[in-house]
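The following exercises train the reading of a protein model, residue by residue and then as a whole. Please study the sequence and the structure before turning to the solutions.

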Amino acid sequence: MSTVAFIFARGGSKGLPGKNIKIFSGKPLIAWSIEQAKKLSSIDRVIVSTDCSEIARVATEYGAEVPFLRPDNISEDDSPEWMAWRHALSFLLEKEGKMPNIMLSIPTTAPLRRVIDIENCLNLYKKGGVDVVITTTDAHRSPYFNMVKESHDGNVELVIKPKDKLYRRQDAPIVYDMTTVAYVMNPEFIMHNESIFDGRTKAVNVPLETSIDIDNMYDFKMAEFFLDNME
């Protein structure tokens with residue numbers, strides 16, 4: 001059963017320009033994902049999908065394959081990452097005649113992830129009965145209790161109105177935040193569906209402090225702080 005780890009890294013980033021190769025604790029951000037993937041004995045290949053030649057150069061330097069440059073039309077700010085997933089799988093199918101049995105995506109934006117959390121995602125997927133495995137953390141906001149949206153009259157209201165009044169967050173249904181630690185997917189599912197929630201999706205819960213998602217400089221500095229203070 002072949003497993004390929006993919007790292008999807010666009011050149012453009014409005015929130016933090018040059019994010020994917022910005023130096024994070026001594027090495028480019030993308031290097032963290034590459035090295036984490038390479039620590040997994042079950043991974044056959046590590047492939048980087050990017051539209052940027054400089055990211056491609058750095059990725060190759062750290063031992064990843066970069067067999068193609070992603071087309072510009074699926075590398076815009078509003079381009080769904082789903083299309084980049086499909087493009088990578090289609091490339092392998094066209095050039096090599098087959099897709100991997102398991103597709104693993106390790107985003108660059110969560111450098112503090114633990115390898116054990118990726119392994120747990122892979123192990124949950126291999127148990128069967130699932131199309132996609134995602135990672136989550138315990139949420140500290142709840143759409144039933146303290147998350148609001150603006151209503152048509154300009155007032156705010158709960159995102160989801162509970163049937164009964166809730167006076168403590170602990171009494172609300174348990175919800176989780178999605179993270180970018182890892183995604184494990186069935187390639188055939190990706191090619192024939194439009195969303196990870198179109199099929200059977202399960203989750204592995206991971207520690208909040210190791211799942212910081214870097215989108216801007218605040219996140220970047222916060223991740224550096226946690227890394228420097230991890231025991």
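**Exercise 1.** Determine whether alanine 88 is buried or exposed, and describe its surroundings.

*Solution.* Step 1: The relative accessible area of alanine 88 is 0%. Step 2: A residue counts as buried under 20%, and therefore alanine 88 is buried. It should be kept in mind that this value, like those below, comes from a predicted model. Step 3: Alanine 88 belongs to helix 3. Step 4: When residues up to four places away in sequence are not counted, alanine 88 touches Phe6, Phe8 and Phe68. Step 5: Methionine 99 follows at a distance of 11 residues in sequence, and the two C-alpha atoms are 9.4 Å apart in space.

**Exercise 2.** Locate tryptophan 85 and state which residues it touches.

*Solution.* Step 1: Tryptophan 85 is placed in helix 3, which covers residues 81-96. Step 2: With a relative accessible area of 5%, tryptophan 85 is buried. Step 3: Not counting residues up to four places away in sequence, tryptophan 85 touches Phe8, Met103, Ser105, Tyr183, Met185, Ile190 and Ile196. Step 4: Phenylalanine 6 is 79 residues apart from tryptophan 85 along the chain, yet their C-alpha atoms are separated by 8.5 Å.

**Exercise 3.** Explain why helix 1 is described as largely enclosed, and examine serine 33 within it.

*Solution.* Step 1: Helix 1 comprises residues 29-38. Step 2: The buried residues of this helix are Leu29, Ile30, Ala31, Trp32, Ser33, Ile34, Gln36 and Ala37. Step 3: Because eight of the 10 residues are buried, helix 1 is largely enclosed by the rest of the structure. Step 4: Serine 33 has a relative accessibility of 0% and so counts as buried. Step 5: Apart from neighbours within four places in sequence, serine 33 is in contact with Ile7, Ile106, Pro107, Thr108 and Arg113.

**Exercise 4.** Compare two loop residues, asparagine 20 and tyrosine 167: which is buried and which is exposed?

*Solution.* Step 1: Asparagine 20 lies in the loop that links strand 1 (3-8) with strand 2 (23-24). Step 2: Its relative accessible area is 7%, so asparagine 20 is buried. Step 3: Beyond four places in sequence, asparagine 20 touches Ala9, Arg10, Pro28, Leu29, Ile30, Ile55 and Thr108. Step 4: The side chains of asparagine 20 and threonine 108 are joined by a polar contact of 2.5 Å. Step 5: Tyrosine 167 is found in the loop between strand 8 (156-158) and strand 9 (176-178). Step 6: At a relative accessible area of 69%, tyrosine 167 is exposed. Step 7: The C-alpha atom of tyrosine 167 is separated by 8.1 Å from that of phenylalanine 145, 22 residues apart along the chain.

**Exercise 5.** State how the radius of gyration of the chain agrees with that of a compact globule, and describe the chain as a whole.

*Solution.* Step 1: For 231 residues, a compact globule would have a radius of gyration near 17 Å. Step 2: The chain has 19 Å, which agrees. Step 3: The secondary structure consists of six helices and 11 strands. Step 4: Of the 231 residues, 43% are buried. Step 5: Among contacts with a separation of 6 or more, 71% join residues 24 or more positions apart. Step 6: The accessible surface is about 12300 Å², and carbon and sulfur atoms contribute 50% of this area. Step 7: The chain has 27 positive and 33 negative charges, whose mean positions are 3 Å apart.

Methods
Residues numbered from 1 in each chain as written. Predicted model: local features only at pLDDT ≥ 70, side-chain atom pairs only at ≥ 80, totals over all residues. Heavy atoms only, no water. Helix = DSSP H or I, 4+ residues; strand = E, 2+ residues; numbered from the N terminus. Buried < 20%, exposed > 50% of the residue type's maximum accessible area, 1.4 Å probe, protein only. Polar contact = N/O pair within 3.5 Å; in protein donor to acceptor, adjacent residues only side chain to side chain. Contact = heavy atoms within 4.5 Å. Rg over C-alpha atoms; globule rule 2.2 N^0.38 Å. Areas by Shrake-Rupley, 256 points an atom, 1.4 Å probe, with all protein chains shown as cover. Lys, Arg positive; Asp, Glu negative; His and termini not counted. Charge placed at Lys NZ, Arg CZ, Asp CG, Glu CD.
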